[in-house]
Amino acid sequence: MPAQLLLVAAQRWDALAALRRSFHTLKGSGRMVGADVIGEFCWNVERLLNRLINGTVGRDGDILATLRQCVQALPSLLEQLEVGAAPSADLKALAQRLQ
């Protein structure tokens, strides 16, 4: 899921839906293999994307910055899964912003 997709998603609903599907897939895959941190994180991002798509949250700079940070946090989440390292992203702060 390239970061460029996020920039395109700000302009196109189909790209926003593709981004949502990507996080939905990561959520399900993470849960299936017991990667609960990834599953829960992606579930929170998916919920925000659902609200953007259905129009209950507006697309503003803060929302897009939060989504960009979520995309950037994925590599550290995968590293955490692979080697047990603590994620470098502040997941608690991101989770609060996703609400």
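The structure holds zero disulfides. Cysteine 42 is in no disulfide, and the nearest cysteine sulfur, that of cysteine 70, lies 8.8 Å away. The case of cysteine 70 mirrors this: its nearest cysteine sulfur is that of cysteine 42, 8.8 Å away, and cysteine 70 is in no disulfide. A disulfide is counted when two cysteine sulfur atoms are within 2.5 Å, so a pair 8.8 Å apart does not qualify. Cysteine 42 is buried, with a relative accessible area of 0%. Cysteine 70 also counts as buried, at 0% relative accessibility. This is a predicted model.

**The chain as a whole**

The protein chain has five helices and zero strands. Read along the sequence, its pattern is α-α-α-α-α. Of the 99 residues in the protein chain, 35% are buried. Among contacts with a separation of 6 or more, 59% come from residues 24 or more positions apart.

**Helix 4**

Helix 4 covers residues 61-83, which makes 23 residues. At 1.5 Å a residue, helix 4 should span 33 Å; its end C-alpha atoms are 34 Å apart, so the two values agree. Helix 4 nevertheless bends by about 30 degrees at leucine 74. A proline, proline 75, follows within four residues of that point.

The N-terminal end of helix 4 is capped by aspartate 60, which has a side-chain oxygen 3.1 Å from the backbone nitrogen of aspartate 62. After helix 4 comes glycine 84, whose phi is positive, near 80 degrees.

The buried residues of helix 4 include Ile63, Leu64, Leu67 and Val71. Cys70 is buried in helix 4 as well, and so is Leu74, the residue at the bend. Thr66 and Ser76 are also among the buried residues.

**Helix 5 and what it packs against**

Which residues of helix 5 are buried? In this helix, residues 91-98, they are Leu91, Leu94 and Leu98. They cover an arc of only 65 degrees around the axis, which means that they lie on the same side of helix 5. Lys92 and Gln96 are exposed on the other side of helix 5. The buried residues of helix 5 pack against helix 3 (36-54) and helix 4.

**Asparagine 44 and glutamine 99**

Asparagine 44 is found in helix 3. Is asparagine 44 buried or exposed? Its relative accessible area is 13%, and a residue under 20% counts as buried, so asparagine 44 is buried. Leaving aside neighbours within four places in sequence, asparagine 44 is in contact with Leu98 and Gln99. Leu98 is one of the buried residues of helix 5.

Glutamine 99 is found in the segment after helix 5. At 55% relative accessibility, glutamine 99 counts as exposed. Not counting residues up to four places away in sequence, glutamine 99 touches Asn44, Arg47 and Arg51. Glutamine 99 and arginine 47 are 52 residues apart along the chain, yet their C-alpha atoms are separated by 8.5 Å.

The accessibility values for individual residues are set out below.

| Residue | Relative accessible area | Class |
|---|---|---|
| Cysteine 42 | 0% | buried |
| Cysteine 70 | 0% | buried |
| Asparagine 44 | 13% | buried |
| Glutamine 99 | 55% | exposed |

Key:
Residues numbered from 1 in each chain as written. Predicted model: local features only at pLDDT ≥ 70, side-chain atom pairs only at ≥ 80, totals over all residues. Heavy atoms only, no water. Helix = DSSP H or I, 4+ residues; strand = E, 2+ residues; numbered from the N terminus. Expected span 1.5 Å × (residues − 1). Bend = angle between axes of the 7 residues up to and from the residue. Buried < 20%, exposed > 50% of the residue type's maximum accessible area, 1.4 Å probe, protein only. Polar contact = N/O pair within 3.5 Å; in protein donor to acceptor, adjacent residues only side chain to side chain. Arc of directions from axis to C-beta. Contact = heavy atoms within 4.5 Å.
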